[in-house]
Amino acid sequence: MADEDPDVELEARLEEQEEFEPPEAFVEQANVSDPEIYEEFEETWPNCWRAAAELLDWEDDYDQVLDDSNPPFYEWFTGGSLNASTNCLDRHLEERGDEAAIEWVGEPTDEANRTYTYEELHREVNEFAAALRDIGVEEDDVVTMYMPMIPELPIAMLACARIGAPHSVVFAGFSADALATRMNSADSEYLVTCDGYYRRGDALDHLDKANEGLADVEHDVESVVVDRLGDELEHSLAPNQHDYEELVTEHAGATVEPVDRDAEDMLFLMYTSGTTGQPKGVKHTTGGYLSWAAWTSQAVLDIKPEDTYFCSADIGWITGHTYIVYGPLALGTTTMMYEGTPDHPERDRLWEIIEEYEATQLYTAPTAIRAFMKWGSEYPDAHDLSSLRLLGTVGEPINPRAWKWYYKYIGGEECPIVDTWWQTETGGMMITTLPGVKNMKPGSAGPPLPGLDVEIVDTNGDQVEPGRAGYLTVNKPWPGMLRTLYQNDERYIEEYWEEYSDTDSDDPEDWVYFPEDGAKIDEDGYITVLGRVDDVLNVSGHRLGTMEIESAIVGVEGVAEAAVVGGEHEIKGEAVYAYVITEDGYEGDDALRQRIIEGVEDAIGPIARPEQVVFTPELPKTRSGKIMRRLLEDIANEAELGDTSTLRNPDVVEEIRTKVQD
Ligand code: WTA
């Protein structure tokens, strides 16, 4: 192995090093460089979060920082009102109207890139806000967006924010079924989508998929369709479908007075996977979420208005919401958007973009870094990446080797790396080093941000010793937190609070947030997140519920029962392993395997496609009939098998193992 490795030299020099100081040149210019911030925030909590609210313009000042009278239904900055689109656009016009707000790079290299100055973005957001009103959208109506990485996506989000209509963005890679489920669940009567987009050189039809989803929506829907592909793809619109360009042209020059939103009014909904088959509608608010997005973007990503900041996530996930759209635009910087994949047309596409735009930060995922590492350092080496000042990662644990590769080959050993742990539910970053203050330890996200109270506990809720694995918990609320699950307060309590809280108490001290991650802490308070402890997989940084995949598989004709677990994967982190029992009269053959894969793609999307489908006569079950997933995981990982003595059918384990190894 080592001989073929291009980075033997790096290994030799960096392998031993477990701690890295932030580069001096970085610290000198960092937005936050005073170590006192930790103590100061602890002493002044919750008033410390005024610092986050101060980054925004408020229409009405808030009276109270935190209202914790009804835990876990916390409210932040109560009495205050503001508008998110004003904060992301209008207030920057005077000083930065001619500066780029969004730099968009399409996938085809022969297509012109698009720059939107703050002035231009403001204009288009106003026009589209007027258009949305025109087709009937009113304050508090949920508008669904089912779009890839094209500028009209953030435009539509900000237009919704302007008129006080919460958005619900559905990742474009999700299936028609997934779209329909989310629109039905949110009673969403409006959809913004597009005809198609480019993926690795191919023009993909998207409208077909959207229409298929719409056919399963239980109520009438008005939709708007962006023409991304022009002549490349002909499509016709139904009577309740409007062409985006026509609508915007009809409202050319319109200005829409931003709607005053209470701090606690919903800014958006985002569906995410949980333990059960039904995705959860995470509700985020205007004041708390936006403050959190802005503060963490400033303190952790070190964003300054003159930066050209590049986050390679998709806006269809929370990372793109907070760190492509709301955080960067609230701070008045230039945020980049790239439509395509990092290997199109060549494996140096991101480095080419960074060089061309002189990007100052790169925020990406460990799965991408592992792929870059596999492709080799010659791709980044061929480009001048010296404009980069800071690197970030998010979505899953990063192993020290990938961290060090990123540090050396992308950052040139001159950029701090922030390994940021957070979730859809937390709204923004929670555990990470402050890059201008703390040393970095590869493999560990770092300490909790100032003002956060995080503990690693055992099943009884008692703190575990440093070095021991336990469960991650958050003891105090924070402004960016979710407020509830859409129209389901009960499930909100069950999913996040019940485990470690005294749910009869109205004392906030008795309430503890449980993110469902395992973790350990070291003597310096640095936290290593070990991964999900619920039935959620993390495939290429994307959250997928095993139950959702299982119910898709069971829906396929010929399948009697299925169990899905995660197996380790070199690039994806985790891959989907499906163990399937066929119905009597059906063969576990390639044809059925193919139908299962298609069934999963139809129900969720290609990201959930099983890596392995293993047919088995039985699943390992305990005497009480519960599937022993741990054993199935051990098999997927070719690990030593755990205890099989409590099984009703111990023999089946060997049988399955032989099949997987074949
Ligand atoms: C995982 C993505 C280790 C974790 C922003 C969490 C991480 C889930 C990290 C949330 C990290 C995210 N280190 N694990 N730096 N960041 N995770 O909701 O398991 O898509 O619970 O939000 O990703 O995924 P979500």
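This is a short tour of the model, from the whole chain down to one helix.

This is a predicted model, where local features need pLDDT of at least 70, side-chain atom pairs count only at pLDDT 80 or more, and totals for chains, interfaces and linings use all residues. Residues are numbered from 1 along each chain as its sequence is written, and side-chain values use heavy atoms, leaving out hydrogens and water.

**Whole protein.** Show the cartoon. There are 22 helices and 30 strands (DSSP runs numbered from the N terminus: helices are H or I, at least four residues; strands are E, at least two). The radius of gyration is 24 Å, close to the 26 Å that the globule rule gives for 662 residues, so the protein is as compact as a globular protein of that length. That radius is taken over C-alpha atoms, and the rule is 2.2 Å times the number of residues to the power 0.38. Along the principal axes, the C-alpha atoms fill a box of roughly 70 × 60 × 60 Å.

**Residues 36–88.** Select this span next. An unreviewed UniProt entry lists it as "domain: Acetyl-coenzyme A synthetase N-terminal"; such annotations may be inferred rather than shown by experiment. Its end C-alpha atoms lie 30 Å apart. The span is 32% helix and 19% strand.

**Helix α15.** Now select residues 366–375. Nine of the ten are buried, so α15 is largely enclosed by the rest of the structure. Buried means under 20% relative accessible area (1.4 Å probe, protein chains only). Among the buried residues are Arg-370, Phe-372 and Trp-375. Add the elements they pack against, including α14 (349–357), β19 (390–394) and β29 (573–582). Finish at Gly-376, which follows α15 and has a positive phi, near 115°.

Technical notes:
Buried means under 20% relative accessible area, exposed over 50%, partly exposed in between (1.4 Å probe, protein chains only). Contact means heavy atoms within 4.5 Å.
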